[in-house]
Amino acid sequence: MARTSRKQSKKISDGMRNLRKETGQQTVMEKIYRTALYVRLSVLDSGKKDSDTVETQELLLRHFLEGKPCFSIFDVYVDNGETGVDFKRDEFERLMEDVRGGRVDCIIVKDLSRFGRNYIEAGEYLEKVFPFLGVRFIAVNDGYDSADPASADGLSLHLKNLVNDVYARDISAKISPALRGKQMRGEFIGTWAAYGYMKSREDKHRIVVDSHTAPVVRDIFAWRLEGTSYRKIVQRLTGQGIPSPGQYRYMQGIVKDRRFADSPWRIETVKQILANEVYLGHMVQGRKRESLFQGQKQKYLPREEWFIVRDTHEAIIDLKTFDEVQKLNSLKKQEYWQKQERFSGVENSENILKGLVYCGGCGRKLVRYKNIRENKQKKPQFHIWYNYICPNHAADQTICGFGSIRELELLDVVSEAVKVQVSLAEEMEEKHSMEEKH
């Protein structure tokens with residue numbers, strides 16, 4: 001048999017992280033699973049002690065692991081306020097990154113409905129994706145454990161997933177007309193009020209001015225009216241130590257998810273505030289729509305299909321200021337696209353790394369940015385290159401220190417990494433063949 005190097009032995013040892021138990025003269029190797037606890041709520045937790053909160057779900061999972069040394073908790077992943085009808089959830093995506101990175105090989109949930117209510121997608125993960133990646137999956141209340149043939153009954157698993165899917169569609173069919181009725185009457189049905197407002201304590205379907213954040217909204221409109229850029233507004237807000245909408249809601253206990261605690265001000269947030277008619281005293285809802293029972297995925301709707309009911313609450317911004325800001329924004333946008341017209345004949349190359357590149361400083365997805373320099377005396381007329389930039393750094397350098405990286409440099413790094421992985425795979429295959437021969 002081929003001899004295994006010390007380096008290779010260490011890799012195997014570190015990768016498996018086995019626990020040795022002495023049983024007489026025999027040593028039994030029990031695998032230690034790098035375990036992820038996954039928690040999901042379909043609406044943001046209200047904080048009530050008797051409700052199915054993220055805390056109670058996590059407590060149940062930790063209690064399940066008591067006395068089971070073969071499970072080592074790697075991290076807890078919480079999707080608070082995320083739907084179960086698809087898997088486009090921030091924390092679930094982070095979990096899958098850790099799975100693909102070899103940092104997690106066991107996932108534990110309270111029950112299958114917490115994992116997902118989409119029958120087809122849930123089945124794909126449980127029957128194909130997780131087995132392929134070598135991931136053990138446990139649903140505590142359903143008594144399901146993929147490592148236990150006795151509990152991994154394929155028929156019952158399909159039935160439970162189907163029931164969850166049908167239940168979600170049935171609930172959607174019942175509540176959708178009721179919610180639309182409330183929207184048409186100007187009743188607030190959102191999870192939280194727009195920044196500058198808060199839910200009324202007397203009537204949760206009404207919003208009232210928040211005296212702490214309304215002045216910030218007025219400042220943002222005033223600064224923009226002075227000609228201040230979105231980026232400068234973000235920098236001014238950050239420099240004054242004003243919490244972003246996400247931070248403020250977390251500080252007030254409106255949201256419980258820890259990821260909101262450090263969310264910075266962003267250009268997109270400022271743009272949304274400056275365009276929101278809610279600050280005129282109008283209830284604006286239904287910008288996007290999703291109908292599960294009709295098989296309709298979430299989509300953004302044109303303005304003429306929104307539910308806009310006028311004069312439902314106190315205004316923060318007067319109509320004249322709001323209109324002048326909209327005119328200014330429209331003019332700036334028009335100027336930008338006029339500048340871009342002379343580059344209209346320049347084609348974009350394919351973005352093969354779209355959605356795959358993250359900032360090493362703050363963790364945000366990097367955005368691909370096209371640079372064009374015009375050569376009036378030389379051919380070709382335009383010199384084009386691409387950078388991947390960090391949106392946080394672009395908005396305010398104090399938020400994140402990483403600026404950008406050239407696409408060609410990034411592709412070289414990716415190419416070298418792929419070559420290393422291919423080389424390691426070939427080496428392992430060669431060693432395996434030699435071991436079989438001996």
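**Reading a predicted model: a dialogue**

Modeller: Let us begin with a single residue: Thr238 lies in helix α8. The model is a predicted one.

Colleague: Is Thr238 buried, partly exposed or exposed?

Modeller: Thr238 counts as partly exposed, because its relative accessibility is 27% and the partly exposed class lies between 20% and 50%.

Colleague: Which residues is Thr238 in contact with, leaving aside its neighbours within four places in sequence?

Modeller: Thr238 is then in contact with Trp265, Asp396, Thr398 and Ile399. Consider one of these, Asp396: it stands 158 residues from Thr238 along the chain, yet the C-alpha atoms of the two are separated by 8.0 Å.

Colleague: Which residues of helix α8 are buried, and how should their arrangement be read?

Modeller: Helix α8 covers residues 230-239, and its buried residues are Tyr230, Ile233, Val234 and Leu237. To read their arrangement, one looks down the axis of the helix. Seen that way, the buried residues of α8 fall within an arc of 100°, so they line one face of the helix. After α8 comes Gly241, with a positive phi near 70°.

Colleague: May I apply this reading to helix α2? Which of its residues are buried, and which are exposed on the other side?

Modeller: In α2 the buried residues are Val54, Gln57, Leu61 and Leu65. They occupy an arc of 75° when viewed down the axis of α2, so they too line one face of their helix. Leu59 and His63, on the other side of α2, are exposed.

Colleague: What covers the buried residues of α2?

Modeller: The cover includes β3 (33-41), β4 (71-80), β5 (106-109) and α4 (112-115).

Colleague: How far does α2 reach from its first C-alpha to its last?

Modeller: Helix α2, residues 54-65, has 12 residues and reaches 17 Å, close to the 16 Å expected at 1.5 Å a residue. It is followed by Gly67, whose phi is positive, near 75°.

Colleague: How should a positive phi be read in a residue other than glycine?

Modeller: The general idea is that most residues other than glycine have a negative phi. In this structure, Asp311 has a positive phi, near 55°. Asp311 lies in the loop between β13 (307-309) and α11 (319-341), and it is exposed, with a relative accessible area of 64%.

Colleague: How does one describe a pair of aromatic rings?

Modeller: One gives the distance of the centres and the angle of the planes. The count here comes to 16 aromatic pairs. For Phe137 and Tyr144, the ring centres are 6.2 Å apart and the planes stand at 55°, so the pair is tilted. Both of these residues are buried. Phe221 and Tyr279, by contrast, form an edge-to-face pair, with 6.2 Å from centre to centre and 75° between the planes.

Colleague: Where do Phe221 and Tyr279 lie?

Modeller: Phe221 lies in helix α7, whereas Tyr279 is in the loop between α10 (267-275) and β10 (283-285), so the pair ties together parts that are 58 residues apart in sequence. Phe221 counts as buried at 0% relative accessibility, and Tyr279 counts as buried at 1%.

Colleague: Which residues form an aromatic cluster?

Modeller: One cluster is formed by Tyr38, Phe92, Phe115, Tyr125, Phe130, Phe137 and Tyr144.

Colleague: How many disulfides does the structure hold?

Modeller: It holds zero disulfides. Cys70 is in no disulfide, and the nearest cysteine sulfur to its own, that of Cys106, is 8.2 Å away. A disulfide would require the two sulfur atoms to be within 2.5 Å. Cys70 is buried, with a relative accessible area of 13%, and Cys106 is buried as well, at 0%.

Colleague: Where is pLDDT under 50, and how should I read those parts?

Modeller: As a general idea, the predicted coordinates should not be read in detail where pLDDT is low. Here pLDDT stays under 50 over residues 1-28, for which the model has 32 contacts beyond four places in sequence. It also stays under 50 over residues 291-296, with 13 such contacts. For the chain, the mean pLDDT is 78, and 75% of the residues reach 70 or more. Among the elements, strand β1 (residues 18-23) has the lowest mean pLDDT, 43, and helix α7 (residues 214-225) the highest, 97.

Technical notes: Residues are numbered from 1 along each chain as its sequence is written. This is a predicted model: local features need pLDDT of at least 70, side-chain atom pairs count only at pLDDT 80 or more; totals for chains, interfaces and linings use all residues. Side-chain values use heavy atoms; hydrogens and water are left out. pLDDT is the predictor's confidence in each residue, from 0 to 100. Helices (H or I, at least four residues) and strands (E, at least two) are DSSP runs, numbered from the N terminus. Contact means heavy atoms within 4.5 Å. Buried means under 20% relative accessible area, exposed over 50%, partly exposed in between (1.4 Å probe, protein chains only). The expected span of a helix is 1.5 Å times one less than its number of residues. The arc is that of the directions from the helix axis to the C-beta atoms. Rings of Phe, Tyr and Trp (its six-membered ring) pair if their centres lie within 6.5 Å; planes under 30 degrees apart count as stacked, over 60 as edge-to-face and the rest as tilted.
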